[in-house]
Amino acid sequence: MQRPVILIIDDSKLIAEFCRQILNPRGFHVIWSPDGLKGLEEAKRTNPDLILLDVIMPNFDGYKTLQKLKQTETTSDIPVIMLSSMAEAVDKIKGLELGAVDYITKPFDAGELIARVNTQLRLKRLHDELMEKTRKLSKMADRNGLTGLYNHRFFQEKLSEEFARAKRYGLPLSNILMDIDHFKKINDTYGHLVGDVILKGIGSMLKGSTRKGVDIPARYGGEEFAVILPHTELSRAIKVAERLRKAVAEHPFRTPSGHISITMSFGVAAIPHPEINDKQTLLKASDEALYRAKENGRNRVEAYL
């Protein structure tokens with residue numbers, strides 16, 4: 001387990017050494033910067049778990065340093081305990097208003113320092129855990145639980161955003177709708193457990209076959225999937241759809257009932273197009289192309305021309 005890093009920003013080497021002698025033997029890694037400007041650079045470089053910041057320093061005092069720390073994105077969340085020989089309430093309030101989490105008045109003893117450091121590190125750990133849980137919950141809210149793909153709501157939001165961006169900057173944008181052929185028959189014959197295995201498999205294939213951070217693969221609903229392809233012309237999107245169609249058709253899905261082969265039908269639409277002026281029209285065009293793929297024998301790609 002990595003030792004918590006504590007950065008001391010203080011022009012007094014004596015204070016820094018006193019803190020180091022107390023904290024290092026108790027499992028902390030203490031680093032020292034002798035002034036505010038060097039401390040800011042050290043904070044950016046090392047991203048410490050906690051900062052002990054002296055108020056009175058020449059040239060760049062603790063208040064200025066604290067302001068800069070809180071204004072910088074990479075250091076704004078680092079908890080800061082102010083160190084000061086000033087015991088006036090107004091001085092403490094100023095530091096707290098600027099974002100400090102606590103104050104220690106000099107001279108302080110080892111017990112007080114350890115107690116306050118441990119308290120703030122515990123609070124930071126709880127805060128970090130809460131933020132991580134919030135991040136995971138936010139991600140889960142955008143995902144389909146079975147396939148791990150984006151869900152229908154997120155797909156609709158992103159399609160609105162990407163369509164608006166494409167229209168504003170004159171960029172191409174494609175959308176693919178795809179549907180598993182005869183999926184009801186698979187569920188009726190083998191059961192929904194097998195159907196779920198196939199849906200998960202399709203999800204994995206889409207995630208692995210689209211551009212990470214660019215394309216937006218989603219479970220559109222039931223056995224239907226979609227992929228938003230930003231910066232992609234219709235001709236390129238057709239090739240992407242054909243590659244996916246072929247990959248699915250050639251892939252035997254391993255299920256509790258043995259290996260099962262399936263096919264999918266694809267509908268592709270894109271802008272710029274004289275008949276497509278909004279998100280809903282793009283979706284409708286993709287759906288019409290998908291319907292035509294079904295009508296023309298399935299396991300094929302059709303485009304809205």
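In this predicted model, five strands form an open sheet with parallel pairing. Their order is β2-β1-β3-β4-β5. The edges are taken by β2 (29–33) and β5 (102–105). Each of these has a single partner strand, so one side of each is left without a neighbour in the sheet. From one strand to the next, the twist averages 20°.

Within this sheet, strand β3 spans residues 50–54 and strand β4 spans residues 80–84. The two pair in the parallel sense over four bridges. Leu 52 stands opposite Ile 81 in β4. Helix α3 (residues 62–71) packs on the sheet. It touches β1 (5–9), β3, β4 and β5. The direction of α3 makes about 175° with that of β4.

A second region centres on helix α7, residues 183–190. Its buried residues are Phe 183, Ile 186 and Asn 187. Seen down the axis of α7, these fall within an arc of 95°, so they line one face of the helix. An α-helix has 3.6 residues a turn, so residues three or four places apart point the same way. On the other side of α7, the exposed residues are Lys 184, Lys 185, Asp 188 and Thr 189.

The buried residues of α7 are covered by elements including β6 (173–180) and α8 (192–209). Gly 191 follows α7. The phi of Gly 191 is positive, near 100°.

Technical notes
Residues numbered from 1 in each chain as written. Predicted model: local features only at pLDDT ≥ 70, side-chain atom pairs only at ≥ 80, totals over all residues. Heavy atoms only, no water. Pairing = 2+ DSSP bridges. Axes fitted to C-alpha atoms, helices over the stretch in contact; angles between N-to-C directions. Contact = heavy atoms within 4.5 Å. Buried < 20%, exposed > 50% of the residue type's maximum accessible area, 1.4 Å probe, protein only. Arc of directions from axis to C-beta.
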